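This briefing introduces one protein model and the ligand that accompanies it. Please keep the sequence and the structure in view while reading.

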Amino acid sequence: MNNIFADNILEGKVAFVTGGGTGITGGVARAFAEHGARLAITSRKEENLASMKKMIEDNGGECFAIAADVRDYAAVENAITETVSRYGQIDIVVNGAAGNFLCAADQLSANGFGTVVDIDTKGTFNVCRAAFEELKKSKGQILNISATLHYLATPMQIHVSAAKAGVDAITRNLSVEWGRHGIRVNGIAPGPIEDTEGMKRLLPEALKEKITKKIPVGRFGRIADIENAALFLTSDAASYINGVTLVVDGGQWLLGTSLG
Ligand code: COA
């Protein structure tokens with residue numbers, strides 16, 4: 001439990017978190033539960049959800065785990081319906097489900113590019129769209145997990161860069177279109193976050209020291225850094241913040257140096 005925020009800032013809220021079983025969004029799900037929210041977590045594979053569900057429940061929280069591929073609109077709709085039938089409402093949606101791998105553009109297949117865009121960009125739209133009526137009722141909010149890769153250019157990441165640029169466009173568009181319904185739509189763009197599966201696969205341990213020197217604050221991010229940003233943006237403290245993608249990267253992207 002982090003003690004920066006009051007324990008009950010999300011009390012009475014229901015949060016629906018895609019990719020909520022592991023990594024950064026798993027941390028966000030756990031932090032939301034620790035601060036009073038009831039959780040629904042989804043992932044493509046049910047087995048990715050079991051340990052997070054147990055962790056939240058062992059900690060006294062409530063967690064509903066349901067498998068759904070965000071690319072499959074019917075599966076997403078079903079997960080939303082099941083969540084509402086269990087909890088009666090949805091107040092917060094976190095779009096964290098994402099696909100990633102390193103691949104040079106001239107080696108990447110059309111299907112490889114499209115797969116990541118389908119998961120990250122279309123998946124984000126699918127979940128927002130399927131949750132809209134519930135968010136309208138609750139005057140809820142959306143938090144889209146993005147990246148900083150596309151602010152400049154990141155070799156080997158054309159697919160993710162394009163996908164996350166699309167996610168940022170969704171954040172801005174929906175903040176304008178749905179703000180009038182009382183729905184706030186924001187994003188978080190994490191920089192390099194240690195102890196995540198993505199970082200382990202994308203960045204060899206041997207490069208860690210070299211990369212640390214390229215991060216202005218002199219350290220990698222931690223999952224807790226993203227949890228804190230997510231708690232802030234979804235709390236009433238941020239009630240006038242809408243359409244923003246908050247960069248949480250220790251200033252890394254401003255140096256304009258690719259990692260690696
Ligand atoms: N390099 C190049 N191309 C790759 C690839 C890699 N490492 N991984 C997948 N692809 C390509 C496949 O070759 C395929 O294209 P093809 O049909 O032209 O060969 C296409 O992407 C789809 O691959 P497939 O494995 O069928 O898709 P999938 O839907 O099962 O899963 C991912 C694709 C991206 C989700 C999968 O690689 C994955 O599970 N990644 C882990 C998720 C993750 O990293 N999350 C944290 C994000 S930071």
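A polar contact is a pair of N or O atoms within 3.5 Å. The model is predicted, and the points below concern the ligand and its surroundings, followed by helix H4.

**Polar contacts of the ligand**
- A polar side-chain atom of arginine 44 lies at 3.3 Å from a ligand oxygen atom.
- Serine 109 also places a polar side-chain atom 2.6 Å from an oxygen atom of the ligand.
- In asparagine 100, a backbone N or O atom is found 3.5 Å from an oxygen atom of the ligand.
- Taken alone, the ligand has 950 Å² of accessible area, of which the protein covers 52%.

**The shell around the ligand**
- The residues that surround the ligand include Arg71, Ala98, Phe101, Cys103 and Arg201.
- Asn111, Gly112, Thr115 and Ile119 are also among the surrounding residues.
- By character, the shell consists of 4 nonpolar, 5 polar and 3 charged residues.
- Helix H4 makes the greatest contribution to this shell, with 4 residues.

**Helix H4**
- Helix H4 covers residues 110–138, and its end C-alpha atoms are 40 Å apart.
- This distance agrees with expectation, because 29 residues at 1.5 Å a residue should span 42 Å.
- H4 has a kink of about 55°, and phenylalanine 132 is at its centre.
- Lysine 139, just after H4, adopts a positive phi of about 50°.

Terms used:
Residues are numbered from 1 along each chain as its sequence is written. This is a predicted model: local features need pLDDT of at least 70, side-chain atom pairs count only at pLDDT 80 or more; totals for chains, interfaces and linings use all residues. Side-chain values use heavy atoms; hydrogens and water are left out. Helices (H or I, at least four residues) and strands (E, at least two) are DSSP runs, numbered from the N terminus. The expected span of a helix is 1.5 Å times one less than its number of residues. The bend at a residue is the angle between axes fitted to the seven residues ending there and the seven starting there. A residue is near a molecule or strand if one of its heavy atoms lies within 4 Å of it. A polar contact is a pair of N or O atoms within 3.5 Å; within protein, one must be able to donate a hydrogen and the other to accept it, and residues adjacent in sequence count only if both atoms are side-chain atoms. Accessible areas come from the Shrake-Rupley method with a 1.4 Å probe; for residues, only the protein chains shown count as cover. Ala, Val, Leu, Ile, Met, Phe, Trp, Tyr, Cys and Pro count as nonpolar, Asp, Glu, Lys and Arg as charged, and the others, Gly among them, as polar.
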